[in-house]
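Biologist: I should like a close look at one part of this model, namely its salt bridges. Please treat them in a connected account, and then place them beside the buried parts of the chain.

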Amino acid sequence: MDYIIGWKKDRWLVVGLSFMTVLVVFFSFAYVYMMNHMVTRYQVFVGTERIGAVNTTGVIQDWLRWKQEQAKLQYPGVQTELLVKDIHYIQEREYKATYDNAQVLERLEQRTTIGTSGVQIRIDGKPLGVLKDEAAVKELLDQYKNKFVNPETQLQSVEFVQKVDIAKLEIKPDEVGNRDDMLKTIETGGVQPLLYTVQRGDCISCIAYKFHISQKAIYDNNPFIKNTVIHVGEVLNLTVQQPLLSVKTVEKRIETAELPFGVEYIDDNTMKAGSSETITTGENGLEEKSFLVTKMNGELVSEALSEEKVLQPAKKAVVKKGTKIIPGEGTGIFAWPVYRPKLTSDYGQRWGSFHPGTDMVSEQSGILASDHGKVVFAGWKTGYGNCIIIDHQNGYSTLYGHLSKIGVSNGETVQKGEKIGIMGSTGNATGIHLHFEVRKGESQQNPLKFLGKLSD
């Protein structure tokens, strides 16, 4: 009996376990089936409006890129952008969830517009025109700037004098300007050509006054005009362009130049005064100078020295200078024969004949020996009147003419600066003055070649 009861209990346990096994298998199968039919979709919202569901957000992203490319092809001359409210998504995963990509894209198309824009150029706040984008504006402005840039110089800076700014604007595609036309407007200021036909009685200055332009502009515009000659019927270009933009450039110009050497003199009392001997030959140096050249629209405005650099220093010459005075022998260095002279006539052709000396007057009447020497003539000489000739015993002699009084005698030795006579008007003279000659041998020289610079 106990055996039977125990067997029955075991049977029900087996049945229960079998039933549980069946349930587990069933639910596992059902779960796997359901998982295999779960679908991920994305609810698409434009702003706060739901426009449908898609299976992947990539559908929307691909469509937006395609739409942007189509807009660029449709409006190549302007910047384009898609105008649509903020797009966002909510991800869902449901059993056999449905979606419709095509329907969502159709609804998105209805909610999307194409915006077109360009970049406006303004000069001192005044609009010039509109181009596609900043790159097009930069290219235009750089082309104008480069007209005034010399590639062979070291450009330090280039800038517009006027204020130039840009602004992005929403425009219609046909509002974009022509780049070449805008460049021409910048160059000319929009001034129209002005031609004028020369009439009888016209002259360059008359035409300039009539049209309020400079004579230089007329000559610059009409290079065929020679001097002031114009002819009736000729057509003159009187256009005076006023560029909207002025370009200021600063260039660096470098040049090299020789540095002249100096001379160091050493006095030598064993050498005759006026003689010299070079001990060391001088050598010029070399320096580099940098200049900043400022131009306005290519025309020079100013040039300033910015830097000096010695590349090779100069080497001084060393010269011995004689100081020994030999009575009656000249030094070879001539002094003015009157005090603070005023020149009245030069050496050379005068009044149809040759004038062999230099005439001068002074507030003092004393005549001075121009250098050491020996008087070889003191008396009357035809044409010269009272005259003195001093032989400086070095190949040179000097003559002093038209004196009122002679203060030395023939054969007398005189010193440089010694008073030898009084200024007068004897001989062929039109007034009181000194006629002064320098002779090398028998050849008359220009005295101004031997005399120092006149003091003020």
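How many salt bridges does the structure hold?

Modeller: The model is a predicted one, and the structure holds 19 salt bridges. Several of them may be taken in turn.

In one of these, the side chains of Lys 216 and Asp 220 meet, with 2.7 Å from N to O. Both residues belong to helix H7 (residues 215-221), and because they are four residues apart, about one helical turn separates them. An α-helix has 3.6 residues a turn, so residues three or four places apart point the same way. Lys 216 counts as exposed, at 58% relative accessibility, whereas Asp 220, at 49%, counts as partly exposed; the limit for exposed is over 50%.

A second salt bridge joins Lys 320 to Asp 268, and here the closest N and O atoms are 3.6 Å apart. This pair links distant parts of the chain, since Lys 320 lies in strand E16 (residues 317-324) and Asp 268 in strand E12 (residues 263-272), 52 residues apart. Lys 320 is partly exposed, with a relative accessible area of 22%; Asp 268 has a relative accessible area of 13% and is therefore buried.

Lys 289 and Glu 287 form a further salt bridge, their closest N and O atoms being 3.7 Å apart. Lys 289 counts as partly exposed at 22% relative accessibility, while Glu 287 counts as buried at 10%. In addition, a network of salt bridges links Arg 41, Glu 92 and Glu 94.

The buried parts of the chain may now be set beside these pairs. The largest nonpolar core has 20 residues, and those with the most contacts inside it include Ile 367, Tyr 400 and Leu 434. Strands E23 (385-391), E24 (396-406), E26 (419-423) and E27 (434-440) are the elements that give two or more residues to this core. Apart from it lies another core, of 17 residues, among them Leu 128, Phe 160, Met 182 and Leu 183.

Met 182 and Leu 183 are also among the buried residues of helix H5 (residues 179-188), together with Ile 186 and Thr 188. Strand E5 (113-123), strand E6 (126-131) and helix H4 (134-146) are included in what covers the buried residues of H5. At the start of H5, a side-chain oxygen of Asn 178 reaches to within 3.0 Å of the backbone nitrogen of Asp 180. Gly 189, whose phi is positive, near 75 degrees, follows H5.

Technical notes:
Residues numbered from 1 in each chain as written. Predicted model: local features only at pLDDT ≥ 70, side-chain atom pairs only at ≥ 80, totals over all residues. Heavy atoms only, no water. Buried < 20%, exposed > 50% of the residue type's maximum accessible area, 1.4 Å probe, protein only. Contact = heavy atoms within 4.5 Å. Polar contact = N/O pair within 3.5 Å; in protein donor to acceptor, adjacent residues only side chain to side chain. Core = buried A, V, L, I, M, F, W, Y, C linked by side-chain atoms within 4.5 Å. Salt bridge = Lys/Arg side-chain N within 4 Å of Asp/Glu carboxyl O.
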